[in-house]
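Let's take a walk through this structure together. Have the sequence and the 3D view open, and turn things around as you read.

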Amino acid sequence: MNHPTVLSSRIRLARNYEDLPFDARQPGVSETVISRTANALALSGEDKGFRLLTVASLDAAQRSALAESHLISKDLLNSPDGAVLLREEDAVSVMMAEEDHLRIQAITPGLSLDESARRCFQVEDALSRNVRFAFDPQLGYLTSFPTDTGTGMRASLLMHLPMLAHHKQMGSVAQIAAKVGLTARGFYGEGSEALGDVFLVSNQVTLGRTEAEIIATVTALGEQLTGMEHDLRDHALREQRLATEDRVGRAWGILTHARLLPLREFYSLWSSLRLGALLGLIPVSLDRLDRLPVEAQEGHLRGGADPLPEGESLDAARSRRIRALLKAS
Amino acid sequence: MLCEECNTNEAKFAVTMNINGETCLRHLCPDCMRAMNASLQGGNVAGMLSAILSAITSRNGATPRSSGVKQPQEPIPDITCPKCGTTFASFRKTGRLGCPGCYEAFRKELQPMLQQIHGRVQHAGRRPLESEEAQRTRSRQEELTRLMQQAVLLEDFETAALLRDQIHALATEGGAEA
């Protein structure tokens, strides 16, 4: 069941081995991290469903596709010696030789940080039966940057907030978030952009709070924003019905008929379309719509079951892929 | 890591500044970096920080954290981590520590920084548990706590009380075994 506002929940835990330098580019570090982690997981018997992929063994399209699906971080792609233990069926990954030795990550649909946390801790527990992580009773889990020390945990919500963005409220949201140790920022695009009105809400503070407290704070902000977004949507339908229908209808028209679709334009139209689906103005399921932002990106267009034909531009391939996905609904 | 000025965007630049003879490292996002460069081109270093701050304050109304402009009070201490050879000076430059041993070597110097970033310097979260049984007890406790919180939210206080007793029993049991 797709959530109207929260696209996904993600937990990421930073962990390091106590006897190794943080910098995986130093000789022997990444090899040790990878073999030790893979062995520890196998020994625990919890390795079912995990595949070991090294960054070096993946081609460019495969790398991009994994990053676009958020299964691995962009930072990992910058570590040529890095690798990932990936359990694709439920989006659990153990990235190795990134900024920290390990980044244990789980992504779950909707507002479900408790569930993503449970999956991460299960993997962490399995590993810690056979390896020792750097830990200090005062400072908690030790990480390569002091900004992650303590729980080493980032709890994030990927949120679609078209109405709050439309009413230019995201600046104040970010300000309020900062007061409680959280951040809210645009997810797609460069710098302070928020293409597609998609925002990432996450904790900034990692030391001095329990994991449960951090998750509760992020979840509370997620619920608040969901409520605000819902009220603004209702208001738009009541007070600005024609303008809203026009926005949604135009987006539908272009997405189903355009032959060249640049990524930036796609994001903006997708946001209007998703808003229309939430308001019941177009008969497209959220399940289908929520796949589009990933499918529209370069790695997915170049690879996969329907690869880019020679000579076709990305914008042309994107319009084709989006038309096909919308037609099937 | 996030920009130390706006606390909103991802920091892409690490800038070493020398202000009145004191060196400090700042992590900035492209927006704040641009604000700083605009000011730098005027050759006004002292006005630079205030330009960044006012640019941010006017943009989204955010109050810059006091840590944003705080200058180091003392010269950078000459300490080296005995485990990996990282110096405190190089950590100040890159923001990255060399190995877990650095936390011990620089413990005193890191405290004010951690206080600034997190507001607290005593870990309160999970800790490593090696035995499978202890891990199982903890997962069970976490699960029961979650159910208890849900029950409280639904105002089902009878169930919440039962769960609380179970959590308590589990804790005493664990304590007795340890």
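What follows goes from chain A, to its two domains, to chain B, and then to the place where the chains touch.

One thing to keep in mind from the start: this is a predicted model. Everything below describes that model.

Let's begin with chain A. It has 13 helices and 10 strands. If you line the C-alpha trace of chain A up along its principal axes, it spans about 65 × 50 × 35 Å. How does its radius of gyration fit with that of a compact globule? With 329 residues, a compact globule would come out near 20 Å, and chain A has 21 Å, so the two agree.

Now look for charged pairs. Side chains of opposite charge can pair when their charged atoms come close. Over all chains, the structure holds 36 salt bridges. One of them joins A:Glu88 to A:Arg51, with the closest N and O atoms 2.6 Å apart. Here A:Glu88 sits in the loop between β3 (83–87) and β4 (92–96) of chain A, while A:Arg51 belongs to strand β2 (residues 51–54), so this pair ties together parts that are 37 residues apart in sequence.

Next, step back and see how chain A is divided up. The domain assignment gives domain 1 (6–230) and domain 2 (240–327). Between the C-alpha centres of these two domains of chain A there are 28 Å. Where they touch, 16 residues of domain 1 meet 17 residues of domain 2. The two domains of chain A bury about 1,400 Å² between them, and carbon and sulfur atoms give 60% of that area. On the domain 1 side, the residues that lose the most area to domain 2 are A:Glu68, A:His160 and A:Tyr188, which together make up 37% of what that side buries.

What else links these two domains of chain A? There are 2 salt bridges between them. In chain A you can also find A:Asp197 in a salt bridge with A:Arg247, the closest N and O atoms being 3.9 Å apart. Polar contacts between the two domains come to 8 residue pairs, counting those with both residues at pLDDT 80 or more. On the side of domain 1 that touches domain 2, α2 (60–68) and α5 (162–166) of chain A each supply at least two residues. Of the elements there, α2(A) gives the most, with 4 residues. That side of domain 1 divides into 8 nonpolar, 5 polar and 3 charged residues.

Over to chain B. Its domain assignment has three entries: domain 1 (1–68), domain 2 (75–122) and domain 3 (132–174). The C-alpha centres of domain 2 and domain 3 of chain B are separated by 39 Å.

Finally, bring the two chains together. How many residues does each chain bring to the contact? Chain B gives 41 and chain A gives 50. Between them the chains bury about 4,200 Å², 53% of it on carbon and sulfur atoms. In chain B, the residues losing the most area to chain A are B:Arg96, B:His118 and B:Arg126, together 18% of what that side buries.

There are charged pairs here too: 6 salt bridges are found across the interface of chain B and chain A. You can look at A:Asp125 and B:Arg126, which form a salt bridge with their closest N and O atoms 3.2 Å apart. The interface of the two chains also has 26 residue pairs in polar contact, both residues being at pLDDT 80 or more. On the side of chain B that touches chain A, the elements giving two or more residues are α3 (88–94), α4 (101–105), α5 (107–118) and α6 (132–153) of chain B. The residues on that side of chain B divide into 14 nonpolar, 15 polar and 12 charged.

Notes: Residues are numbered from 1 along each chain as its sequence is written. Chains are lettered from A and ligands numbered from 1 in the order in which they are written. This is a predicted model: local features need pLDDT of at least 70, side-chain atom pairs count only at pLDDT 80 or more; totals for chains, interfaces and linings use all residues. Side-chain values use heavy atoms; hydrogens and water are left out. Contact means heavy atoms within 4.5 Å. Buried area is the accessible area (1.4 Å probe) that two parts lose on being put together, summed over both. A salt bridge is a side-chain nitrogen of Lys or Arg within 4 Å of a carboxyl oxygen of Asp or Glu. A polar contact is a pair of N or O atoms within 3.5 Å; within protein, one must be able to donate a hydrogen and the other to accept it, and residues adjacent in sequence count only if both atoms are side-chain atoms. Ala, Val, Leu, Ile, Met, Phe, Trp, Tyr, Cys and Pro count as nonpolar, Asp, Glu, Lys and Arg as charged, and the others, Gly among them, as polar. Domain bounds come from an automatic or database domain assignment. The radius of gyration is taken over C-alpha atoms; the globule rule is 2.2 Å times the number of residues to the power 0.38.
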